[in-house]
Amino acid sequence: MPDPIVAAPAAPTLAVRGDARRFPVHRIYCVGRNFAEHAREMGSEIDRGTPVFFMKPADAVLAGGGEQPFPSATSDLHHEVELVVALGRDAEGEVTADQAMALVLGYALGLDLTRRDLQAKAKTKGLPWDTAKGFDRSAPISEVIPAAQFGALAAQRLMLSVNGSVRQQAPLSDMVWSVPEIIAELSRLYELRAGDLIFMGTPAGVAALQPGDRYHAAIDELLHLDGSFTSR
Ligand code: MN
């Protein structure tokens, strides 16, 4: 193979529990408005007919969380704690909800960090959300745990606390669109691949983070993610 004209960037990867191999991140799909209470706090109602999708670049991943610089260009950085689905197989074209779970390798816990001020401005003008959602280190993500160890998705609870105070808490059963339904919808729009991640949307309680804040996120005793923001 001829030499690359500039150094090839390292592919972002996540740790996999109980496995020395890592999960290589291909794309990051995100679902908007998948918990009714959060849609309401953002001033919308859920429309069952049309899941809202957006993307983050794969290298927005911050594997394992930890300390990160406070993002630039915002004075309203919001946390959104979310279940993350990790795909372990390519979809052969469109899949039905019945076929979708065969693509799932496992689950992780992530933060969909959001520059809410830029998103609000984009929404008013009918403009895209990229600068609000797809910035550097906007996706701190835990290790991946294999689906078999996670168990059936049901009553496990998503939780996020900031500086020791609980901000977001809800059972996964509150999701409006289920994991197989979302995978089926995405497969109509994109060629789904092993290595894809899907952020499943956040419950109510989103709020602003400040430089110096520390967060702790969990799904029951199954998954944990800890991190903090340095001063600018
Ligand atoms: Mn989100």
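Is R40 buried, partly exposed or exposed? With a relative accessibility of 43%, R40 counts as partly exposed, because that class lies between the buried limit of under 20% and the exposed limit of over 50%. The structure described in this report is a predicted model.

## Salt bridges at exposed positions

Side chains of opposite charge can pair when their charged atoms come close. Across the whole structure, a search finds 10 salt bridges. One of them joins R40 to E45, with the closest N and O atoms 3.8 Å apart. E45 has a relative accessible area of 55% and is therefore exposed.

Another salt bridge is formed by R21 and D19, where the closest N and O atoms are 2.9 Å apart. R21 is exposed, with a relative accessible area of 62%, whereas D19, at 31%, is partly exposed.

## A buried salt bridge and its network

The side chains of E80 and K133 also meet in a salt bridge, with an N to O distance of 3.4 Å. E80 lies in the loop between β7 (77-78) and β8, while K133 belongs to helix α4 (residues 130-133), so this pair ties together parts that are 53 residues apart in sequence. Both partners are buried: E80 has a relative accessible area of 4%, and K133 has a relative accessibility of 2%.

This pair belongs to a network. Salt bridges with shared partners join K56, E80, D112, R116 and K133.

## The manganese site

Which residues are the protein donors of the manganese ion? They are E80 (OE), E82 (OE) and D112 (OD), which lie 2.0 to 2.1 Å from the ion. Along the sequence, their spacing follows the pattern E-x1-E-x29-D. E82 is part of strand β8 (residues 81-87), and D112 lies in the loop between β9 (104-111) and β10 (114-115); the pair therefore ties together parts that are 30 residues apart in sequence.

E82 has a relative accessibility of 0% and counts as buried. D112 likewise counts as buried, at 0% relative accessibility. Two of the names in this site recur in the salt-bridge network, which includes E80 and D112.

## Strand β8 and its neighbours

Strand β8, which contains the donor E82, is largely enclosed by the rest of the structure, because seven of its seven residues are buried. Both faces of the strand are covered. On one side are V81, L83, V85 and L87, and on the other are E82, V84 and A86.

Strands of a sheet pair through backbone hydrogen bonds, either parallel or antiparallel. β8 pairs with β9 in the antiparallel sense over seven bridges. With strand β15 (residues 197-199), β8 pairs in the antiparallel sense over three bridges. V85 illustrates both pairings: this residue stands opposite Y107 in β9 and opposite I198 in β15.

## A five-stranded open sheet

What is the order of the strands in the open sheet of five strands? The order is β6-β18-β17-β13-β14, and the pairing is mixed. At the edges are β6 (66-69) and β14 (165-171), each of which pairs on one side only. On average, neighbouring strands of this sheet are turned by 20° against each other, direction ignored.

Within the sheet, strand β17 (residues 214-219) and strand β18 (residues 223-230) run antiparallel and are joined by six bridges. In β18, H224 is the bridge partner of A218.

Technical notes
Residues are numbered from 1 along each chain as its sequence is written. This is a predicted model: local features need pLDDT of at least 70, side-chain atom pairs count only at pLDDT 80 or more; totals for chains, interfaces and linings use all residues. Side-chain values use heavy atoms; hydrogens and water are left out. Two strands pair if DSSP finds at least two bridges between them. Helices (H or I, at least four residues) and strands (E, at least two) are DSSP runs, numbered from the N terminus. Axes are lines fitted to C-alpha atoms, for helices over the stretch in contact, and angles run from 0 to 180 degrees between N-to-C directions. Donors are N, O and S atoms within 2.8 Å of the metal (3.2 Å for Na, K and Ca); water is not among the atoms, so sites may look incomplete. Buried means under 20% relative accessible area, exposed over 50%, partly exposed in between (1.4 Å probe, protein chains only). A salt bridge is a side-chain nitrogen of Lys or Arg within 4 Å of a carboxyl oxygen of Asp or Glu.
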